[in-house]
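Got the model open in your viewer? Here is a short walk through some of its strands, one selection at a time.

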Amino acid sequence: MGRKLKILFTIFLLIAASLFSGCSTVNFSIEDTIKPPESKSIALKGTWKIQNYILTDKNSVTPEKKEKYELFIGMEAIFDNEVSAIYKDVCINPQYKSIRTSAGTFIQNKYRISEDVLGITTENVNVVTITTDNQLFHELIVTDANTAFVYMEDGFLALKRISVDIDEKIRAESLGNVGLDIDSGDFKEDPLLRSGVLLGIRSADNSYRTLWLYFKNRETKAKLNTSQLIVPRAKGFWEIGVINNDDSVDIYAEPFAELSQKEQSKIISKMNLVNKKSDAKILFVGNDYIGIESDMRLGVLPIDNLATKKPVHLSDIIEGDSANTLKQSAEFFISSLDSTKASKLNQRPEEDNFTLRRRNGHWIMKSRLYYKNTLGDKKYEDFDVKQMVPSKLIHYDEMNIPWNEIKSRLPWTRDAYMSPNKDILILASGENIIVYTVQNKNTINKQLLKIPILKGESIIMTEWATGKYADLWSEFADTAFDNSYDNGEF
């Protein structure tokens with residue numbers, strides 16, 4: 001049990017939730033907006049001192065965890081465009097993204113504590129995410145120019161800026177730790193090319209499962225399967241799933257608990273659960289939101305607050321005039337219909353009636369219009385929302401190989417997914433999930449795996465990890481997943 005706790009602690013400390021996003025500078029005069037970088041200068045730049053560790057869940061802290069966190073106190077953190085380091089946790093070429101938001105709402109919703117626990121008295125804070133190589137490094141809550149908090153499992157480190165300059169000794173040590181040749185500025189290539197993916201799958205009977213596939217140097221190292229959906233998040237892994245009742249469906253989300261499913265029945269918290277009609281199903285899963293369909297309605301729900309039962313509005317997700325974007329998208333679709341259909345359609349779209357669906361190897365946004373009276377057996381029409389899928393919903397959705405090229409070579413393909421390393425390509429048909437290696441970032445090479453799937457199964461989640469994070473996720477999967485994949489031959 002000691003080894004498992006150590007593994008889970010390490011994973012939750014370093015987990016990259018595959019939160020893929022751009023970068024921006026911290027701007028303390030902007031509220032509730034995200035801005036692209038305007039210069040190479042960043043507001044976090046400088047050397048910071050770790051002053052304290054604030055526990056948020058004292059009951060879950062083991063002596064090993066307490067000893068680990070005590071090592072952080074008195075240590076330094078540095079931030080600039082070349083390196084971000086919090087004690088010995090280092091990333092190179094960091095990208096910064098900032099959003100200014102309500103302190104109480106953000107902290108209570110995401111971390112389930114009051115801002116008073118951290119001693120935060122300001123109404124608004126800047127939430128700064130730091131990413132590198134398309135992987136989350138850390139998320140900081142910045143209350144003023146010299147005060148910040150960074151989440152660690154079961155608590156926060158409190159940071160104070162001691163200089164706007166970088167301590168060059170710390171920089172050299174940090175860059176050395178990640179393999180940077182400081183004299184030449186060249187990076188040493190990682191001899192291990194590591195990619196891992198959590199595939200969330202929905203079955204025709206509205207059951208859910210997760211496959212973990214892990215690769216080193218384009219060779220398969222792990223194939224694991226578990227029930228329900230295991231989702232990587234900034235605060236660790238969560239489980240999302242459904243409980244099918246006679247006349248309804250409970251959709252739940254909760255932090256993953258290491259329960260032995262062979263010896264104990266699954267205990268589902270009633271605190272973060274939404275009850276829907278029996279036809280309800282999950283359409284997509286991201287790090288912070290899920291898309292559902294129930295009673296002919298679409299909806300996107302925040303994972304942290306399913307119990308509110310309130311889907312978010314398009315204006316909560318995209319910037320700009322969301323109402324006009326939705327209206328124009330609906331008008332464009334209606335203009336493509338024949339006059340009979342168009343006249344019988346309610347032409348006013350609703351901002352909380354949208355979701356994501358897959359098409360041609362990418363996620364797209366969809367909304368719905370309803371017929372005033374049933375037209376034959378049709379009650380509604382779905383249409384594309386002319387809007388790029390925002391990173392709030394899906395953080396990574398890139399494909400180096402053109403869809404037409406994939407279809408011309410492998411015409412049975414229904415969907416395609418590529419790893420951030422551009423070394424692994426996953427193709428889905430109606431009968432199989434087939435994994436190929438990729439060379440030179442865009443050339444389909446040999447087949448690695450052929451995984452049979454059941455009729456009606458579809459992929460609703462792909463969460464990638466690379467490098468050391470793939471190793472950490474694999475360690476977690478080894479301890480948390482039920483068994484090796486056994487539904488057919490690989």
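Start by picking Y417, which sits across from I426 of β24. Widen the selection to β23 and to strand β24 (residues 424-428): these two are antiparallel partners over 4 bridges. Strands here are DSSP runs (E, at least two residues), numbered from the N terminus, and two of them pair if DSSP finds at least two bridges between them.

A quick word on what you're looking at: this is a predicted model, where local features need pLDDT of at least 70, side-chain atom pairs count only at pLDDT 80 or more, and totals for chains, interfaces and linings use all residues. Numbering runs from 1 along each chain as its sequence is written, and side-chain values use heavy atoms, with hydrogens and water left out.

Now bring up the rest of that sheet: it is open, has 4 strands in the order β23-β24-β25-β26, and pairs antiparallel. β23 (415-418) and β26 (443-452) are at the edges with a single partner strand each, so one side of each has no neighbour in the sheet.

Next, jump to another open sheet of 4 strands, antiparallel and ordered β13-β14-β15-β16. The edge strands are β13 (229-233) and β16 (273-277); each has a single partner strand, so one side of each lacks a neighbour in the sheet. Zoom in on V231, opposite W238 in β14; β13 and strand β14 (residues 236-244) run antiparallel, joined by 5 bridges.

Last stop: select 458-466. Is strand β27 enclosed or open? Of its 9 residues, 8 are buried (under 20% relative accessible area, 1.4 Å probe, protein chains only), so β27 is largely enclosed by the rest of the structure. Add strand β10 (residues 194-202), its antiparallel partner over 8 bridges, and find G200, whose bridge partner in β27 is M461.

Conventions. Buried < 20%, exposed > 50% of the residue type's maximum accessible area, 1.4 Å probe, protein only.
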